[in-house]
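Here is a relaxed first look at a structure you may not have met before. Take a moment to turn the view around, then read on for a tour of some helix contacts, a ligand site and the domains.

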Amino acid sequence: MIEVHGLTKRYGDRTVVDDVSFVLEPGSVTGFLGPNGAGKSTTMRMMTGLVPATSGTALVDGRPYRELANPGAVVGTLLDASAVHPGRSGRVHLQLLADAVGVPSSRVGEVLDLVGLAGAARRRVGGYSLGMRQRLGIAGALLADPAVLVFDEPANGLDPEGIRWMRDLLRGHAARGGTVLLSSHLLGEVETTVDRLLVIGSGRVVADAPIRELLGGDGAVAEAEDADGLQRALAAAGLDARRDGAVLTVPGATPARVGAVAAGAGIALTGLRPSQQDLEDLFFQLTTA
Ligand SMILES: Nc1ncnc2c1ncn2[C@@H]1O[C@H](COP(=O)(O)OP(=O)(O)OP(=O)(O)O)[C@@H](O)[C@H]1O
C-alpha cells in the first residue's frame, strides 16, 4: 500500500507538485495521467526518494521509501530507462542490480527471459534500441519480485507486441495482489490496462477514481432502424433522447430501461449499450483549465 499525503515540490518560486494526495491499494493498476510538465515524474521521483519533497509524505507500507531496509525488494521502479552505463552488457547491468538488492544470480537469467532479452544479454547496452532499454529497465524493476511497481512511461519505445506484453505483465502483477502505478501518454493503452485513474494538471490532482466511474457517465446509447419511432416512444416514457442518424443517446437512462421502452413499442434495436465517455475527451476536460 502506498499513501501519499500533501506531497509538494517547489523549484525556486515555482510549485510543480502542489499538495498531491492519493492512496494506491494492493491488487490495482493506477494510471497516472497529465499533460507534459504536469508533475507526474516529479511525484514518482519524490515517492521513490530520488527527489526530496518540499513538504508532504509518501509512505510505502507505512514508511518513507528511503527508510525501507531494502527498498528495491519492495518497490520496483522504472523512472529513467536511459540511465544505464552504455558500456555494460545487459546481463552485467542486471547482475550488479541483483547484488545490490540481494537476489541470487539465477534470478538475472529469469528476468532476462521474462522481458525477452535473453538473446541480447551479452550485448552492450549502448547498442540497444529504445524498446530494448525499456525492457532492460523493466527487468531491473522485477528482479526482487517487489509488490509495488512504479513505472514512468513504460510503453516508451515498445512495439505493439511489447505493449501487449507489458499490459499482461502489469495486469498479472495486480491479479497476484501487487500494486502498480504507471504513467503514460498512450490513452488507449491506459484504458485497457488500468483500474483507477489519477489525473494531475499543473501539479494538482484533478481526478482520482475508478476508470469505469470516470468514463461511465449515466445514460444509454441505442440504435434502431426505426430511430424516429424509438425517439417518440422514449419521449412518451418521459425520456429525452438525442438523435444522430440511427443512433439515440439517452442521458439518465439505463440500457435496461431503454430496452424495455423499445420492446413495449415493438421496435427492434440493432444496438444497446451504456454510454461511455471517450478517455481522450475526459483527459482534455480535466486538464484544460
Ligand atoms: N530539477 C528541476 N528543476 C527545475 N524544474 C524542474 C526540475 N525537474 C522538473 N522540473 C519542472 O517541473 C515540472 C514538472 O515536470 P515533470 O517532469 O514532473 O512533469 P511530467 O508530468 O512528468 O511531464 P512529462 O509528461 O513531459 O514527462 C516541469 O515544469 C519541469 O520543467
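## A first tour

Let's start with a pair of helices: α3 passes α5 in a right-handed crossing. Keep in mind that what you see is a predicted model. On the α3 side, the residues that make this contact are G90, H93, L94 and L97, and on the α5 side they are L136, A139 and G140. Sorted by class, that gives 4 nonpolar, 3 polar and no charged residues.

How are these two helices angled? Helix α3 covers residues 90-101 and helix α5 covers residues 130-142, and their axes come within 10 Å and cross at roughly 25°. That makes α3 roughly parallel to α5, since angles under 35 degrees count as roughly parallel.

Helix α5 has another partner, α4, and α4 also passes α5 in a right-handed crossing. From α4 the contact takes in V111, L112, L114 and V115, while α5 brings R135, I138, A139 and L142. Here the classes come out as 7 nonpolar, no polar and 1 charged. A139 of α5 is one to look for in both places: it is listed in the contact with α3 and in the contact with α4.

Further along the chain, helices α9 and α10 pack against each other too. L230, A233 and L234 in α9 meet V258, V261 and A262 in α10. Every class but one is empty here, with 6 nonpolar, no polar and no charged residues in the contact of α9 with α10.

The table puts two of these packed pairs side by side.

| Helix pair | Residues | Angle between axes | Axes apart |
|---|---|---|---|
| α4 and α5 | α4: 106-115 | about 135° | 9 Å |
| α9 and α10 | α9: 227-236; α10: 255-264 | about 110° | 9 Å |

So, with their angle of about 135°, α4 is oblique to α5. The helices α9 and α10, in turn, are roughly perpendicular to each other.

Now for the ligand. Which residues surround the ligand? They are Y11, V16, G34, N36, G37, A38, G39, K40, S41 and T42. Helix α1, residues 40-47, gives the largest share of this shell, with 3 residues. By class, the shell around the ligand holds 3 nonpolar, 6 polar and 1 charged residues.

Finally, step back and take in the whole chain. It is divided into domain 1, running over 2-214, and domain 2, running over 217-280. How far apart do the C-alpha centres of domain 1 and domain 2 lie? The answer is 42 Å.

Note on methods. Residues are numbered from 1 along each chain as its sequence is written. This is a predicted model: local features need pLDDT of at least 70, side-chain atom pairs count only at pLDDT 80 or more; totals for chains, interfaces and linings use all residues. Axes are lines fitted to C-alpha atoms, for helices over the stretch in contact, and angles run from 0 to 180 degrees between N-to-C directions. Helices (H or I, at least four residues) and strands (E, at least two) are DSSP runs, numbered from the N terminus. Angles under 35 degrees count as roughly parallel, over 145 as roughly antiparallel, 65 to 115 as roughly perpendicular and the rest as oblique. A crossing is left-handed if the near helix is turned anticlockwise from the far one by less than a right angle, and right-handed if clockwise. Two residues are in contact if their C-beta atoms, placed from the backbone, lie within 7 Å. Ala, Val, Leu, Ile, Met, Phe, Trp, Tyr, Cys and Pro count as nonpolar, Asp, Glu, Lys and Arg as charged, and the others, Gly among them, as polar. A residue is near a molecule or strand if its C-beta atom, placed from the backbone, lies within 6 Å of it. Domain bounds come from an automatic or database domain assignment.
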